[in-house]
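Reader: Could you walk me through this fold and tell me how each label is earned?

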Amino acid sequence: MEKKVCKEHVEIALDIIVDETGEYPLLEELSTSGQVICEFCDADATYVVSSKK
Ligand SMILES: [Zn+2]
């Protein structure tokens, strides 16, 4: 599972993944900013939150 989000929505994405996986997710900065839109709003995504799986 992976969510691409802006700074505003990082915490929401973390919460969702913790809820669904029971583990603390990985948080990485997106290298390709400007091409990906946040899952929760229309801003550019700056982070990728992903489960370790
Ligand atoms: Zn957002």
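Author: Gladly; we will go from the whole chain to the sheet, the helix and the core. This is a predicted model, in which local features need pLDDT of at least 70, side-chain atom pairs count only at pLDDT 80 or more, and totals for chains, interfaces and linings use all residues. Residues are numbered from 1 along each chain as its sequence is written.

Reader: What makes up the secondary structure of the protein chain?

Author: One helix and three strands. Helices (H or I, at least four residues) and strands (E, at least two) are DSSP runs, numbered from the N terminus. Along the sequence they follow the pattern β-α-β-β.

Reader: Why is the protein chain called as compact as a globular protein of that length?

Author: The rule to compare with is 2.2 Å times the number of residues to the power 0.38, with the radius of gyration taken over C-alpha atoms. The radius of gyration here is 10 Å, close to the 10 Å that the globule rule gives for 53 residues, so the chain is as compact as a globular protein of that length. Its C-alpha atoms fill a box of roughly 30 × 20 × 15 Å along the principal axes.

Reader: What makes β1, β2 and β3 a sheet, and in which order do they lie?

Author: Two strands pair if DSSP finds at least two bridges between them. Strand β1 (residues 2-5) has four bridges to β3 in the antiparallel sense, and strand β2 (residues 26-29) is also joined to β3 by four bridges, running antiparallel. Both pairs therefore pass the cut-off of at least two bridges. The result is an open sheet in the order β1-β3-β2. The edge strands are β1 and β2, since each pairs on one side only. Neighbouring strands are turned by 20° against each other on average, direction ignored; axes are lines fitted to C-alpha atoms, for helices over the stretch in contact, and angles run from 0 to 180 degrees between N-to-C directions.

Reader: Which residues are the bridge partners in β3?

Author: S50 is the partner of E2 and also of L26, while Y47 is the partner of E29.

Reader: How do you know that helix α1 packs on the sheet?

Author: Contact is the test: C-beta atoms, placed from the backbone, must lie within 7 Å. Helix α1 (residues 10-21) touches β1, β2 and β3, and its direction makes about 10° with that of β3. After α1 comes G22, whose phi is positive, near 75°.

Reader: Why does D15 count as exposed?

Author: A residue is buried if 20 or more other C-beta atoms (placed from the backbone) lie within 10 Å of its own, exposed if 12 or fewer, and partly exposed in between. D15, found in helix α1, has 12 C-beta neighbours inside 10 Å, so D15 counts as exposed.

Reader: Which residues of β3 are buried, and which are not?

Author: Along β3 (residues 47-50) the side chains alternate: Y47 and V49 are buried and point to one face, while V48 and S50 point to the other and are not buried.

Reader: What makes up the largest nonpolar core?

Author: A nonpolar core is a set of buried Ala, Val, Leu, Ile, Met, Phe, Trp, Tyr and Cys residues joined through C-beta atoms within 7 Å. Here the eight residues are V5, C6, A13, I17, C38, A45, Y47 and V49. The elements giving two or more residues to this core are α1 and β3. As for C38, its contacts include V5, C6 and A45, not counting residues up to four places away in sequence.

Note on methods
Two residues are in contact if their C-beta atoms, placed from the backbone, lie within 7 Å.
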